[in-house]
Amino acid sequence: MDKIVSLCKRRGFVFPSSEIYGGLGSSYDYGHYGVLLKDNIKQRWMSAMVQERDDIVALDSSIILHPQVWQASGHVGGFTDPLVDCRFCKKRFRADHLEDAQCGQRPSKRPGENDTCDLTEARHFNLMFETRVGPMEETGVPVYLRPETAQGIFINFKNVAGIARRKPPFGIAQVGKSFRNEITPGNFIFRTLEFEQMEMEFFVPPGEADEWYRYWVDERYAWHRRYGIRESHLRIRPHDSDELSHYSSATSDIEYLFPIGWSELEGVANRGDFDLTAHTSASGTKLEWVEQDGSRYTPHVIEPALGVNRSMLAFLVDAYDEEVVADRDRTVLRLHPQLAPVKAAVLPLIGKSEDMTGRARKLYEELRPVISVEYDDGGQIGRRYRRQDEIGTPYALTIDEQTLEDDTITIRERDSLAQERISIARAREHLLDRLAEPWSSPKDDAA
Ligand code: ATP
């Protein structure tokens with residue numbers, strides 16, 4: 001993980017937040033390439049959910065909702081972590097993760113293992129951030145920052161079902177920020193106080209829920225594979241019955257082998273009719289489906305829920321590679337080309353040659369409106385290639401002496417390092433074709 005953290009900082013993907021003030025634990029800021037990578041992940045998710053299908057529509061609900069939403073959903077009463085405090089070292093731990101925690105004393109052991117450890121009983125601590133709406137601290141109404149995007153979808157079921165011209169099975173997809181006062185956060189962007197979620201609620205006739213649940217587990221697993229996650233590092237883990245949330249009749253985690261071990265990447269849950277029924281009884285608005293013959297039912301819900309930031313971490317970990325080429329170390333991010341922040345770099349071989357830079361800039365201007373592309377004429381060509389390798393740019397286009405003679409350029413492939421000559425006039429078409437090709441990671445499965 002240290003190598004990923006350092007690459008992310010060095011190349012401007014992710015910075016610790018508020019660093020000039022000493023940092024704020026478990027908050028991160030995303031730099032240029034981090035923003036581009038995150039945007040590509042969200043776009044690929046939205047495309048798979050909405051654009052490539054005709055049974056899912058998009059939604060963007062508010063972060064701050066009516067406080068009764070969280071009463072009805074069970075979050076006010078039950079969205080808690082069990083915590084224990086150590087009266088001696090004053091540290092706080094998650095009672096269900098003590099094996100992974102470190103005691104505040106030296107030598108560092110697990111909480112409770114040093115003679116002086118003095119742990120309290122577990123107490124439940126609500127994860128929702130509370131704030132107030134209204135000008136006055138005393139009179140403002142207490143509200144919450146949403147801890148998940150899903151509830152904004154349930155409370156809009158009637159609005160969307162009325163105008164979406166779709167009958168169950170159909171889904172509503174949403175991407176947006178969520179906030180959780182995680183008390184034992186850590187592990188870089190795996191678990192943070194604020195994060196983005198990509199959640200889709202799929203509403204189905206009750207008798208079809210099991211079948212659709214299995215469908216979405218498979219579908220979501222395939223999405224991670226499609227964008228390059230290696231098979232050896234991805235698995236589906238169905239929850240045991242004692243792990244299931246109160247609302248769920250079945251849940252599977254899609255787990256990734258992070259540097260911290262196998263951990264949840266995405267959750268797929270069969271939520272039954274829990275949410276629509278809870279909001280119907282709390283609000284008095286019937287959230288149900290009415291058939292043309294007047295018969296009615298409350299749809300059941302299948303929910304795939306994935307964190308954008310956690311997904312980005314999985315893609316980065318899976319892509320990170322080191323190798324020695326011609327006696328020199330090379331660090332390379334073998335990202336799926338469709339996820340890569342920059343698709344191609346345009347590089348004049350000799351940065352001081354005006355003929356070459358002129359041709360290169362012209363090509364760069366031509367490509368810019370269609371794909372994310374960078375121009376770089378500073379320093380030795382080898383260093384420029386390496387910089388692009390580190391940010392995962394799949395193609396480098398080099399303008400050299402021969403370009404000036406015959407209008408051809410070289411296209412260098414990040415993964416194989418193969419170089420091919422193509423005509424400059426066809427560069428754009430050639431790149432677009434290559435970017436559309438299926439891709440699988442050339443990285444060693446066991447690495
Ligand atoms: P965990 O067990 O890791 O806390 P969870 O089961 O509480 O996760 P869900 O409520 O199912 O998580 O949220 C769906 C997805 O949102 C998770 O699979 C994860 O990808 C992401 N996610 C949840 N909490 C966080 C967080 N604090 N930071 C980053 N991503 C998160």
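**Exercise 1. Determine how the shell around the ligand in this predicted model divides by residue class, and which elements supply it.**

Solution. Step one is the division by class: the shell around the ligand holds four nonpolar, five polar and seven charged residues. Step two is the full count, since 16 residues surround the ligand. The closest of these are Phe195, Gly267, Ala305, Gly307 and Arg310. Step three assigns the shell to elements: at least two residues each come from strand 10 (194–204), strand 13 (261–272), strand 16 (300–307) and helix 9 (308–319). Strand 13 contributes the most, namely four residues.

**Exercise 2. Decide whether Val133 is buried or exposed, and describe its surroundings.**

Solution. First, locate the residue: Val133 belongs to strand 7, which covers residues 130–133. Next, consider its neighbours: Val133 has 10 C-beta neighbours inside 10 Å. A residue counts as exposed if 12 or fewer other C-beta atoms lie within 10 Å of its own. Val133 is therefore exposed. Then list the contacts: leaving aside neighbours within four places in sequence, Val133 touches Ile64, Gly140, Val141 and Val143. Finally, consider Asp377, which stands 244 residues from Val133 along the chain. The C-alpha atoms of Val133 and Asp377 are 52 Å apart.

**Exercise 3. State how the protein is divided into domains, and give the separation of the centres of domain 1 and domain 2.**

Solution. Begin with the domain assignment: domain 1 comprises 2–67 + 128–316, domain 2 comprises 80–126, and domain 3 comprises 342–436. Then take the C-alpha centres of domain 1 and domain 2, which are 29 Å apart.

Conventions: Residues numbered from 1 in each chain as written. Predicted model: local features only at pLDDT ≥ 70, side-chain atom pairs only at ≥ 80, totals over all residues. Buried ≥ 20, exposed ≤ 12 C-beta atoms within 10 Å, placed from the backbone. Contact = placed C-beta atoms within 7 Å. Near = placed C-beta within 6 Å. Nonpolar A, V, L, I, M, F, W, Y, C, P; charged D, E, K, R; others polar. Domains from an automatic or database assignment.
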